[in-house]
Amino acid sequence: MKFSLFYKTERAPDYYDARKLLENWFSIIFTGEEFVVTNFKVRGNYPQSSVYKRDHMKAKQMSQSYVCKAIIKATSLEIQEVLSLKIKQLLNDVYEEGPLSLYVNPEDVAVKPIALMDCPESFSHTTYKGNYSWPLTSPATKVEVSCRKNPLQSARRSCAINIELEQAFWKKPNFTECELLEELPNNILDLHDIMIIEENGQDVVRHILYLLPDATLHMEELEIIASKLADIVKLPDMSMTLAETILYILNYILLQEIEDQNIRKITNSILKATEEIGYKVTYTERNTSVVTTSLALLVMRPDPSMFEGLAFGVTSYHRGMDLKVDVQEKPFKKALASVFLPKSLKKFLGIEHSHPDKHPKIQFKFFGTTSLFADNSLTKERLNTYVVSASIENASVQNLNEPVTITLQHRVQNMGNAAVHCVFWDFQKNNGLGGWNTSGCEMEYTDMNYTICFCNHLTHFGVLLDLSRTEIDTTHDRVLTLISYAGCGASSLFLGITLVIYLALEKLRRDNPSKILLNLCAALLMLNMVFLTNSWLSSFNQPGLCVTVAALLHYFLLAAFTWMCLESVHFYLALVKVFNVYVPKYILKCCMAGWGIPAIIITIVLIINKDFYGNGSQSESHPFSNFCWIQENRVFYISIVAYVFLIFLVNTAMFITILFQIHSVKSRTQKRSRFWKQGFLQDLKSAFSLMFLLGITWGFVFFAWGTVRILFLYLFSIFNTLQGFFIFVFHCLMKEEVAKQCQVHFCWGRFRLSNYFDWSGSGATAESTPRHSNHKSLSQALWSLNSNGTSSTSSGSDFLPRTSPDINFRIAEVHYNPSAVPPEDGETKHPCSQRTQLMETGLHYPQKARFFH
């Protein structure tokens, strides 16, 4: 059935208005026992929404079109054709209720009979309340069975009808009125061993509420209460009755204003429990609320198509009494505490045309006592307002054109014009105990009585490996974000250029070091690209997309570090362990390790729980909001920090070993020269090249603690976001062979080289004629190895190190190869002398690939 909803109101009606109007109309036209509407479903018919003009109306009215599907149970014995005609006649009507009117066109009504099977006999086994047998029951009927412990009360179960599948089915039994077979202990401490499941959750919270007046509420009791409530909110279903009972328990605890500092240990647990309650509670109206004497929770699921802004306000409150909350579309002009969500939040509320049950919920909370929010790290400041919060389900609200306005009345007038700070509760502060944090929050206005705040969180590159996982102040965060995005953008550009150069020029990618460098550049490029697009993709508010982005970011970060480790291993084999190293299918195995190990780690994380990835939440429970990343600390420290730390240790050890090897070889092969400054600069250049290639600069994050945290985060962001740029500079721009090859292939006119054959390792073959070249320092030799490495002839890819006929790569060639150089008498006895002579003379010899056993 299609129907049109006309309205004369300023606010356009939404799904809930249409549903309520239709429900009232059905109750009027289907009276008696002949027809009963068992259930119905309404959805917007948005493409047909338009403006209609009724003949009997003088003015035009705005209207919206809806589609309704209803299941009507007919008890009459008349034939189906007669019943269908009666239903059509009843639905051919106009119904008005206040400023709203409903009109149904007879042509838009379709009636068809359906045959439903009865719900079969069923049996329910419960651990705590006994066993129950449910008889054969007709659809749209509720059956009652006496409770086992208290037979005067009943367990209930409904045989409902699935309106989509048009089939009858059993709903979950309701054992609320049935008592537990075994009574719960009359002491909160003894509840420690009680396991919480769905059938006893309601009984446990009612029992806790019953025991509270006689409890001492020492730390042990508070921890047990917090633990049980945390278990209960994890249950799949949360009835309104259960939600109310839990909030009354929390309200009682808050009113005690316990000064014991140990209560801080359960603050985060209580706050997270209230958050879960709001998102899990089931209700059918536009909104629902639970208001106690000092704690209020209001939850609503607005229609995105009708959303024009929303305000939540506490209009009345006196310590522990007279708490009144309200919700409206315009900002509150006067309230003790209020939050206004602007129209721009509409994009976070899901797809307009989807079913209302799929739209995200908006949740508001108010805490009338502040004893729960103690923060010992504050010395001079004190909390001078009540606490209010707002959040949207599965959404991180950032970068709005209009700010979310939070207005708070001072509990004590600010007579002395003292400094005012807007803060949010940071769950990670004070070693996980929680505390107030000013990061990202700004004060818009303040006077003697009120303060207006809004918060804005940014994302910088350091969050990928921020060991403390806590935010920094707004100024540093913005600067680091600008550095991160500028650096990652520059690195992405230069990494792309590096890949194009090496892929386009075959002679540059023939050897193993170049192939490893290409894979490292590819991993770093993808890491930068995913990071740059992360915040934008997370703004789509699609959980699946955010999990995918976070997993890709995790994967390419691990892949980049794995290839850095492979670089260090290759250097070690080429420069330190140079004798007779044979690795079959060397590059293939490197690729399997470089891309396969991260894939295994990501797969394991996804299999365990894909929700380890996410984009934080607006409730401030995650510091990295509006950024898809790992949200679980244990997964972060195990799968990233431990992995990166291990590779960092390996690469650092390799880096030191390689530098010592260079120094050792130079001390044996070179004498002090009057050109020592030039040699020193070459050594320094080589060291910097190795640092960026092996990721040594990522170690800055391990020192980002305490008072020097900000300094090292700056160093971390600058050096590591520009890692791709430095790789381009050291391995393309400042590399003679690459520059000349580019001149041959990419330049024209007087800048182009007509021919160039002097290649050290790139493109040398067994048949190439070796040429003499000028002597270069070992640092320059290492410099060339970093990018081009060594080349080989047939089957040479299985050897480490691979050799070249150019002195640029003699540091990779310091091994004894009798087939390459016929030893003289003295050299036969002293192989090392041959190695030294090769380094000093710069002679070149053709080399053949050989296998050693």
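# Exercises on salt bridges, a sheet and surface residues

E198 has a relative accessibility of 40%, which places E198 among the partly exposed residues. The model used in these exercises is predicted.

**Exercise 1.** Find which residue forms a salt bridge with E198, and state how far apart the closest N and O atoms are.

Solution.
- Step 1. The partner is K172, and the closest N and O atoms of the pair are 3.4 Å apart. The limit for a salt bridge is 4 Å, so the pair qualifies.
- Step 2. Both K172 and E198 lie in the loop between strand 11 (167–170) and helix 3 (201–211), 26 residues apart.
- Step 3. K172 counts as exposed, because its relative accessibility of 51% is over the 50% cut-off.
- Step 4. D237 touches both K172 and E198, and L242 as well, when residues up to four places away in sequence are not counted. D237 sits in the loop between helix 4 (219–232) and helix 5 (240–255) and is partly exposed at 38%.
- Step 5. The C-alpha atoms of D237 and K280 are 6.7 Å apart, although 43 residues separate the two in sequence.

**Exercise 2.** Locate E34 and K86 in the chain and determine how far apart they are in sequence.

Solution.
- Step 1. A salt bridge joins the side chains of E34 and K86, with 3.1 Å from N to O.
- Step 2. E34 lies in the loop between helix 1 (15–29) and strand 2 (35–44), K86 lies in helix 2 (residues 80–91), and 52 residues separate them.
- Step 3. Both ends are partly exposed: E34 has a relative accessible area of 28%, and K86 has 27%.
- Step 4. For a second case, take K343 and E308, whose closest N and O atoms are 3.3 Å apart in a salt bridge. K343 is in the loop between strand 16 (337–341) and strand 17, and E308 is in the loop between strand 13 and strand 14 (310–318), so this pair ties together parts 35 residues apart in sequence.
- Step 5. Returning to E34 and K86, salt bridges with shared partners join them and E78 into one network. The whole structure has 14 salt bridges.

**Exercise 3.** Work out which strands stand at the edges of the open sheet with the order 12-13-17-18.

Solution.
- Step 1. The sheet has four strands, paired antiparallel.
- Step 2. Strand 12 (287–291) and strand 18 (387–392) are at the edges; each has a single partner strand, so one side of each has no neighbour in the sheet.
- Step 3. From one strand to the next, the twist averages 10 degrees.
- Step 4. Strand 13 (residues 295–300) and strand 17 (residues 362–367) are joined by six bridges. L298 has F364 of strand 17 as its bridge partner.
- Step 5. Helix 6 (residues 267–280) lies across strand 13, strand 17 and strand 18, at about 140 degrees to strand 17.

**Exercise 4.** Decide whether I600 is buried or exposed.

Solution.
- Step 1. I600 is exposed, because its relative accessible area is 53% and the cut-off is 50%.
- Step 2. I600 belongs to helix 11 (residues 586–608). With I604 and I608, I600 forms a nonpolar surface patch of about 310 Å² accessible area.
- Step 3. Residues three or four places apart in an α-helix point the same way, because there are 3.6 residues a turn.
- Step 4. For contrast, take helix 15 (residues 723–733), where nine of eleven residues are buried, including F726, F728 and F730.

Definitions and conventions. Residues numbered from 1 in each chain as written. Predicted model: local features only at pLDDT ≥ 70, side-chain atom pairs only at ≥ 80, totals over all residues. Heavy atoms only, no water. Patch = residues over 30% accessible without salt bridge, like charges linked within 9 Å, V, L, I, M, F, W, Y side chains within 5 Å. Areas by Shrake-Rupley, 256 points an atom, 1.4 Å probe, with all protein chains shown as cover. Helix = DSSP H or I, 4+ residues; strand = E, 2+ residues; numbered from the N terminus. Buried < 20%, exposed > 50% of the residue type's maximum accessible area, 1.4 Å probe, protein only. Pairing = 2+ DSSP bridges. Axes fitted to C-alpha atoms, helices over the stretch in contact; angles between N-to-C directions. Contact = heavy atoms within 4.5 Å.
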